[in-house]
Amino acid sequence: MDFDLGDEAEQLRTRLRQLVREHFSETFLGAFTDDPADLAQTQAFCARLAEENLLCLSWPRRYGGRDGSVWEQTVVREEMWAAHEPRGPQYMGVNWVGPAIMRHGTAEQRARHLPPIAAGSVIWCQGFSEPEAGSDLGSLRTTAVGDGGTWRVNGQKVWTSYALMAQWCVLAACTDPEARLSERLTLFLMPMERPGIEVRPIPAMLGPHHLNEVFLDDVQLTDDDVLGPVGGGWGIMRDALAYERVGIARYARCEAILDKLREELGDRFSELPEAIRVRWVRAKVELRATRLLAYAAIAYQSEGIDPAAASVARIATTTADQTVAELVFDVLGAQCLDSGADAPIHGAAEDHWRYAQAATIASGTIEVQRMLVARQILGGR
Amino acid sequence: MDNRLPADAVAFAAAAAGRFEKLGGVNLARQAERDRGARHAAANALTELGIGDLDVRADEEHLLAGAALCRAAGAVVLPWPVVSDLLAMDEHRIALIDEHAVRVDHGDLPLSWVVADLDGQTWSYEPAGAAPTGRLGPFVTQGSLGPTSVELSTDDVARYLVLGAWQLLGGVETAFADVCLHLRQRIQFGRPLAEFQAVRFTVADTQVRVRALEELAKYTSWRLVDAATSPAERTADALALRLHAVEAARAVLRTCHQLYGAVGFCDETDASVIDRHLQPVLRFPVSPEVLAQRLVPAIGSGDLRGLGR
């Protein structure tokens, strides 16, 4: 038994922290703020990561990665999330669009799309959710109708992160409404400048760029834009979601925020009500347990052991995120709503609380995770 | 990174579970309530399993074997002070106490006792008077303290807290597995309870608690023998595990009672016996609030470590 992630992973952690320090001030809170300079900074940072093959660390070397181990990938997830995800919108392309194209794309698609993702020079969005299809993706209504090598797409997507800034979208559309679910959907690699696409931002507490609506009005695509086989979209989506099973390392940002807050409080920590300090202790212990659950889910995923372990980790991680968000607000008292660089911990508390509200919904609701765990223990659906 | 228990520890756990099952499993605990002498069957089984050769202070292999034994003992609430045996010094059994309300589980056994508080201050212990407990913690005794020359290290305090957490893990694993079986078999409103979503969500959340406790117990045990860990870190780790274990176990056992319905409070159900007999581990030496208060200085001192080396 050994819980050390290994020398290579820890050296990588040190290197990533160094790179973050070099590129970002302490006031940086991610790409999606009201200041456009933050997005530009993340793009420059991604190019820097790409120079060291760190942006797509888990990818094979021939595609611009460096065959990173599962623990190196874990360290990247942790360190990037702890630093407010300085890869910005690159997260999606790197983590699942690229790997999906590697597995299911044609040689032409791989040659066209993988180099810019590995270089951090392109932004992708994901067109899955619809107003009538959230957790139940099988019921999505956007249609793509084929006609001799071309496809006409009509419908609406929603909650589409980064859609305003993205150059490309992985679009899920129904190509055979009569077919069973496993053959009903097809994925398309859709250029966002194609006529007929309209993006409308959705104002939300999360901040700019997180949520958009995408309207598709007779958008014309071709057979060359299809990812994988026609009717094979559901399988690729499930495959893609496998990359996301454990999800983002929310516990790492929670730890970073608590550490920063403790440092900023200094001697004032002892003036906090005892009840709050005790809650802080419990939060630290919960975060440790959460991290260990994430490690347990990751450790043997290649062996296919315990498929519900990822859902267990995700339930723990997302709820811990919200617990810590509330704790940090209560520590700050009336200052908790302050935002901006002059706020406590440079506004990270306010930013984190807003974002944590989505934790138990984004990328698969906590209810779906509970269903998966219960199915393993109790059987049934 | 390898979070799997070593094969030796797994094999030892299986041997212990098999031996305890031969004694009747949880039934031995029921029997011991009627006949306290029945506890010696547990002691004999532990001797056969080689508890006398286990030195949990020696190395990782011995500590994890001890942890496996505690987990197996907790799974059947073996009526014997296993943790006290594993940490015995020169025939003195060790127990952690609150000096303001001295209680020792199985303190009436004809053994020599040295008790200590969380700071490691030690006393000799003599049981006195009738047992103040009844259904909850049926083998708890009160007693009097006296001077002793035996010293207890902070690492031994940490080991005591950690091994007790393994006991709790074993107990809640049994209770949870049993109630899940009940949920699949019990028909209400024309279908198994396991088909109701409210029940399924509760089971999922309970699984998160049990698995978190297992991972934290493994990690903390590994840290106890990791040369890179300081004594202050080992103490903080052990307090953190015990805090988490007690709160997780209370929540899991409460859920088991609820999911069983009325039968969950009946002693024909193992969960009821497990909950009653685990009470001393859940309550002693101090409440989770006190454990958490002791960890407050570790916030910011670095003793409760986060990510990375």
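Two residues are taken to be in contact if their C-beta atoms, placed from the backbone, lie within 7 Å. The exercises below apply this to a predicted model.

**Exercise 1. Determine how many residues each chain gives to the contact between chain A and chain B, and which helices of chain B take part.**

Solution. Begin with the totals: chain B contributes 39 residues to the contact, and chain A contributes 39 residues. Next, assign the side of chain B that touches chain A to its helices, where helix 6 (154-185), helix 7 (197-224), helix 8 (231-260) and helix 10 (288-295) each supply at least two residues. The largest share comes from helix 7 of chain B, with 13 residues. Finally, sort that side of chain B by class, which gives 22 nonpolar, seven polar and 10 charged residues.

**Exercise 2. Compare the span of helix 7 of chain B with the expected value, and work out where Leu216(B) of this helix sits.**

Solution. Helix 7 of chain B has 28 residues, and the expected span at 1.5 Å a residue is 40 Å, close to the 41 Å found from its first C-alpha to its last. Turning to burial, 23 of these 28 residues are buried, so helix 7 of chain B is largely enclosed by the rest of the structure. Leu216(B), which lies in this helix, has 27 other C-beta atoms within 10 Å; because a residue with 20 or more is buried, Leu216(B) is buried. Leaving aside neighbours within four places in sequence, Leu216(B) is in contact with Arg288(A), Ala289(A) and Leu292(A) in chain A, and with Leu241(B) and His244(B) in chain B.

**Exercise 3. Carry out the span and burial analysis for helix 8 of chain B, and describe the residue that follows this helix.**

Solution. The 30 residues of helix 8 of chain B should span 44 Å at 1.5 Å a residue, and the end C-alpha atoms are 43 Å apart, which agrees. Of these 30 residues, 22 are buried, so helix 8 of chain B is largely enclosed by the rest of the structure. Gly261(B) follows helix 8 of chain B and has a positive phi, near 80°.

**Exercise 4. Describe how helix 8 and helix 9 of chain A are oriented, and which residues meet.**

Solution. The axes of helix 8 (residues 250-265) and helix 9 (residues 274-299) of chain A come within 10 Å and cross at roughly 150°. Because angles over 145 degrees count as roughly antiparallel, helix 8 of chain A is roughly antiparallel to helix 9 of chain A. The crossing of these two helices is left-handed. From helix 8 of chain A, Tyr251(A), Cys254(A), Glu255(A) and Leu258(A) meet residues of helix 9 of chain A, including Ala283(A), Leu287(A) and Arg291(A). By class, the residues of this contact divide into six nonpolar, one polar and three charged.

**Exercise 5. Decide whether Asp67(A) and His209(A) are buried or exposed, and state the sign of phi for each.**

Solution. Asp67(A) lies in the loop between helix 2 (36-51) and helix 3 (70-82) of chain A, and has a positive phi of about 50° although it is not a glycine. With 12 C-beta neighbours inside 10 Å, Asp67(A) counts as exposed. His209(A), in the loop between strand 6 (197-201) and strand 7 (212-222) of chain A, likewise is not a glycine, yet has a positive phi of about 75°. His209(A) has 21 other C-beta atoms within 10 Å, and is therefore buried.

Terms used: Residues are numbered from 1 along each chain as its sequence is written. Chains are lettered from A and ligands numbered from 1 in the order in which they are written. This is a predicted model: local features need pLDDT of at least 70, side-chain atom pairs count only at pLDDT 80 or more; totals for chains, interfaces and linings use all residues. Axes are lines fitted to C-alpha atoms, for helices over the stretch in contact, and angles run from 0 to 180 degrees between N-to-C directions. Helices (H or I, at least four residues) and strands (E, at least two) are DSSP runs, numbered from the N terminus. Angles under 35 degrees count as roughly parallel, over 145 as roughly antiparallel, 65 to 115 as roughly perpendicular and the rest as oblique. A crossing is left-handed if the near helix is turned anticlockwise from the far one by less than a right angle, and right-handed if clockwise. Ala, Val, Leu, Ile, Met, Phe, Trp, Tyr, Cys and Pro count as nonpolar, Asp, Glu, Lys and Arg as charged, and the others, Gly among them, as polar. The expected span of a helix is 1.5 Å times one less than its number of residues.
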